[in-house]
Amino acid sequence: MKYTLDTIPVLDAFKQDCQCPMCRLQILCEDGYIDGLLSSAYMEPECRVRTNKTGFCSRHYAQMYERRNRLGLALMTHTHLQELIRSLEETMGTPAKKNSRLPFFTASVQEDGRPAKIRAGIDACDICDQLDKTMRRYAFTVIRLVLDKPEFKSRFEKTGACLPHTALLLDLSEETLSGRERETFESFLKDVTLHRLHEIESNLYDFTQQFDYRNAGVAPTQAARDSVEHALNRLAGAIIGDEAARPAHND
Ligand SMILES: [Zn+2]
Ligand SMILES: [Zn+2]
């Protein structure tokens with residue numbers, strides 16, 4: 001797949017001090033997609049064909065429910081349900097085959113079994129699909145900026161990325177780079193990632209030490225105080241505190 005650079009949002013995100021500027025980008029895009037869907041996109045036939053097919057994941061159903069446009073959500077959910085009912089009639093109407101080699105297991109443990117088909121439908125999500133495409137383009141842009149712009153490289157060095165976005169950067173490195181460039185980028189990414197993780201590990205240790213009676217009366221450093229929140233946001237992507245905050249809405 002060919003990716004295009006999208007430099008300005010990436011440069012803006014990397015001006016912020018946080019565990020992962022790519023998480024900030026993702027939260028803003030996610031919010032933008034939800035805005036777009038609920039304001040007018042749900043009336044566009046092309047969009048409805050997609051949302052009828054996939055529906056949304058639990059995170060995005062919950063985020064849309066928090067907004068005021070219940071009619072948009074109701075219309076999308078209604079036509080998705082109609083399509084889902086038709087497909088469930090087929091999926092659940094087909095008797096599961098017994099696996100002759102494993103008599104104690106039924107087709108339900110097979111990847112293409114009926115429960116697996118239902119679960120695949122639950123996990124599918126139009127917003128996740130759109131976000132995934134955009135974040136791949138941003139990850140490609142981050143890689144190119146690290147390789148081509150020394151000032152961006154030193155900026156990235158100061159923050160690094162959360163583990164989910166580190167994995168995404170590696171994905172894009174494998175997909176788009178080769179030879180010397182790939183070696184250079186991946187070795188840089190490894191150094192930055194491990195350096196940041198060692199730092200958090202050490203701050204977490206300091207945090208735990210304040211509960212030792214021998215350190216009674218010793219005030220923990222700010223880095224130690226922030227270490228649990230920083231560690232969780234680094235390990236799982238922005239999930240806690242200001243880093244996970246979504247833009248405020250009046251609706
Ligand atoms: Zn992230
Ligand atoms: Zn989703």
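## Zinc ion (ligand 2)

H60 has a relative accessibility of 1% and therefore counts as buried in this predicted model. Its ND1 atom is one of the protein donors of the zinc ion (ligand 2). The other donors to that ion are the SG atoms of C57, C125 and C128. The donors lie 2.0 to 2.3 Å from the zinc ion (ligand 2). Because the 4 donor atoms subtend angles of 102 to 113° around the ion, the arrangement is tetrahedral.

Along the sequence, the donor residues of the zinc ion (ligand 2) are spaced C-x2-H-x64-C-x2-C. C57 is also buried, since its relative accessibility is 12% and the limit for buried is under 20%. C128, at 31% relative accessibility, counts as partly exposed.

## Zinc ion (ligand 1)

For the zinc ion (ligand 1), the protein donors are the SG atoms of C20, C23 and C162, together with ND1 of H165. They lie 2.0 to 2.3 Å from the ion. The 4 donor atoms subtend angles of 103 to 113° around the zinc ion (ligand 1), so this arrangement is tetrahedral.

The spacing of these donors along the chain is C-x2-C-x138-C-x2-H. Within this set, C20 and H165 link distant parts of the chain, being 145 residues apart. C20 sits in the loop between α1 (7-13) and α2 (21-39), whereas H165 belongs to helix α9 (residues 163-176). C20 counts as buried because its relative accessible area is 2%. H165 is likewise buried, with a relative accessibility of 6%.

## Cysteines and disulfides

How many disulfides does a search of the whole structure find? The search finds 0.

What keeps C29 from bonding to another cysteine sulfur? The closest cysteine sulfur to that of C29 is in C23, and at 12 Å the two are too far apart for a bond. A disulfide requires the sulfur atoms to be within 2.5 Å. C29 is buried, because its relative accessible area is 13%. The C23 in this pair is also a donor of the zinc ion (ligand 1), through its SG atom.

## Helix α12

Helix α12 covers residues 227-236, and its buried residues include S227, A231, N233 and R234. Which helices do the buried residues of α12 pack against? They pack against α8 (150-159), α9, α10 (179-209) and α11 (222-225). Of these, α9 (residues 163-176) is the helix that holds H165, a donor of the zinc ion (ligand 1).

Just after α12 comes G237, which takes a positive phi of about 85°.

Terms used
Residues are numbered from 1 along each chain as its sequence is written. Chains are lettered from A and ligands numbered from 1 in the order in which they are written. This is a predicted model: local features need pLDDT of at least 70, side-chain atom pairs count only at pLDDT 80 or more; totals for chains, interfaces and linings use all residues. Side-chain values use heavy atoms; hydrogens and water are left out. Donors are N, O and S atoms within 2.8 Å of the metal (3.2 Å for Na, K and Ca); water is not among the atoms, so sites may look incomplete. Four donors count as tetrahedral if all angles lie between 85 and 135 degrees; four count as square planar and six as octahedral if opposite donors are over 155 degrees apart and all others between 65 and 115; anything else is irregular. Buried means under 20% relative accessible area, exposed over 50%, partly exposed in between (1.4 Å probe, protein chains only). Helices (H or I, at least four residues) and strands (E, at least two) are DSSP runs, numbered from the N terminus. Contact means heavy atoms within 4.5 Å.
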